[in-house]
Amino acid sequence: MIEIYLFVNPLGAICLSSEKRLLNFVQTSEQKIQFRLMPLVNMQTITDVMKRYNIPKHDIEARNKLFENTYAAALDAKALQLQGKKKARKFLMQMQEEVACKKKEYTQELVLSLVEAVGGDLEMFEEDRRSDLVKTLFQEDQNTAREMGITTHPSAVVYNYACERDYGVLLEGEEALADIPRLCQVDKENYQIFHIDGYLQRKNERRISHDSKHLKLM
């Protein structure tokens with residue numbers, strides 16, 4: 001079995017592109033793959049987004065608005081996840097499309113329209129969105145990211161148990177994610193390659209220790 005964690009900006013266009021490619025791979029692969037899409041929001045990722053869009057780092061108002069919207073979008077996705085992982089994933093990707101690609105403003109009206117568009121229960125969503133449970137679930141994701149050493153998005157962690165590796169592989173950045181299909185192979189050549197010392201020493205790819213408490217995909 002293979003497990004993939006993908007950490008993303010819930011309002012990011014680059015992350016949306018990575019999600020589409022990875023989902024296509026997961027859905028067409030002959031391997032059994034468990035996939036988890038996890039919003040990542042912290043001050044470092046907000047700073048990275050500001051740099052990407054040439055927003056002055058000392059613009060406190062812009063920083064606060066970006067953080068508030070990104071954090072809110074992450075909680076929206078976690079709330080809808082209580083109605084199903086696929087609905088939440090579809091909602092998140094549509095939110096990224098509307099805000100990051102079409103440049104629409106993040107608003108409550110947009111959120112509710114997308115919840116309806118993906119077949120969510122509005123009343124249940126609004127109740128869950130106000131709950132402490134959603135904030136707890138979000139924080140658990142951030143804790144997992146911190147324990148795995150995630151510092152940027154998009155980043156992915158891949159566990160391929162068929163190759164008997166006692167570690168996961170962390171890939172940072174859109175370019176590095178292109179190695180995911182190879183990491184999921186189970187042929188003899190792949191098995192040997194990823195046991196060679198130094199192979200994962202190149203930029204943006206490294207081993208991370210195996211921790212069973214991470215392996216609880218929702």
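Let's start with Lys20. Lys20 has a relative accessibility of 45%, so it counts as partly exposed. Keep in mind that this is a predicted model. What does the side chain of Lys20 meet in a salt bridge? The partner is Glu97, at 3.8 Å from N to O. Lys20 sits in helix 1 and Glu97 in helix 4, so this pair links distant parts of the chain, 77 residues apart. Glu97 is also partly exposed, because its relative accessibility is 25%.

Next pair. Arg21 forms a salt bridge with Glu174, and here the closest N and O atoms are 2.7 Å apart. Again the link joins distant parts of the chain. Arg21 is in helix 1. Glu174 is in the loop between strand 4 (167-172) and helix 8 (180-183). The two are 153 residues apart. Arg21 is partly exposed, at 48% relative accessible area. Glu174 is partly exposed too, at 34%.

Now a third pair, Asp76 and Arg129. Their closest N and O atoms lie 2.6 Å apart in a salt bridge. Asp76 is in helix 3 and Arg129 in helix 6 (residues 122-129), so the pair ties together parts that are 53 residues apart in sequence. Is Asp76 buried or exposed? At 1% relative accessibility, Asp76 counts as buried, because buried means under 20%. Arg129 is partly exposed, with 22%.

How many salt bridges are there by this rule? The count comes to seven. There is also a network: salt bridges link Arg36, Lys78 and Asp141.

Hold on to Arg36 and Lys78. Both turn up in the lining of the largest cavity. That cavity has a volume of about 110 Å³. Its lining also includes Phe35, Leu37, Pro39 and Ala77. Strand 2 (33-39), helix 3 and helix 4 each supply at least two of the lining residues. By class, the lining has six nonpolar, one polar and four charged residues.

On to the other cavity. Two cavities of 30 Å³ or more are counted. The second largest has a volume of about 30 Å³. Among its lining residues are Asn9, Leu40, Thr45, Leu66 and His153. Which helix gives the most to this lining? Helix 2 does, with three residues. The classes here are five nonpolar, four polar and no charged.

Now the largest pocket. Its volume is about 510 Å³. It is lined by 22 residues. Leu11, Tyr53, Leu66, Val99 and Ala100 lie nearest its centre. Helix 1 (13-28), helix 2 (43-52), helix 3 and helix 4 (85-101) are the elements that give two or more residues to this lining. Helix 3 has the largest share, five residues. The lining divides into 12 nonpolar, five polar and five charged residues. Leu66 is worth a second look, as a lining residue of this pocket and of the second largest cavity.

Last, the cores. The largest nonpolar core has 47 residues. Which of them touch the most other members? They are Ile4, Leu6, Leu22, Phe35, Phe91, Met95 and Ile180. Helix 3 (residues 60-81) gives the most to this core, with seven residues. Another core, of 10 residues, lies apart from it. Phe7, Leu40, Ala145 and Tyr159 are among its members.

One thread to take away is helix 3. It gives the most to the largest core. It has the largest share of the pocket lining. It also holds Asp76, the partner of Arg129.

Methods
Residues are numbered from 1 along each chain as its sequence is written. This is a predicted model: local features need pLDDT of at least 70, side-chain atom pairs count only at pLDDT 80 or more; totals for chains, interfaces and linings use all residues. Side-chain values use heavy atoms; hydrogens and water are left out. A nonpolar core is a set of buried Ala, Val, Leu, Ile, Met, Phe, Trp, Tyr and Cys residues joined through side-chain atoms within 4.5 Å. Buried means under 20% relative accessible area, exposed over 50%, partly exposed in between (1.4 Å probe, protein chains only). Helices (H or I, at least four residues) and strands (E, at least two) are DSSP runs, numbered from the N terminus. On a 1 Å grid over the protein atoms alone, a cavity is a set of points where a 1.4 Å probe fits but cannot get out, and a pocket is an open set with protein on both sides within 12 Å along at least five of seven lines; lining residues have an atom within 4 Å of a point. Grid points are joined across faces, edges and corners, and a volume is the space filled by probe spheres set on the points. Ala, Val, Leu, Ile, Met, Phe, Trp, Tyr, Cys and Pro count as nonpolar, Asp, Glu, Lys and Arg as charged, and the others, Gly among them, as polar. A salt bridge is a side-chain nitrogen of Lys or Arg within 4 Å of a carboxyl oxygen of Asp or Glu.
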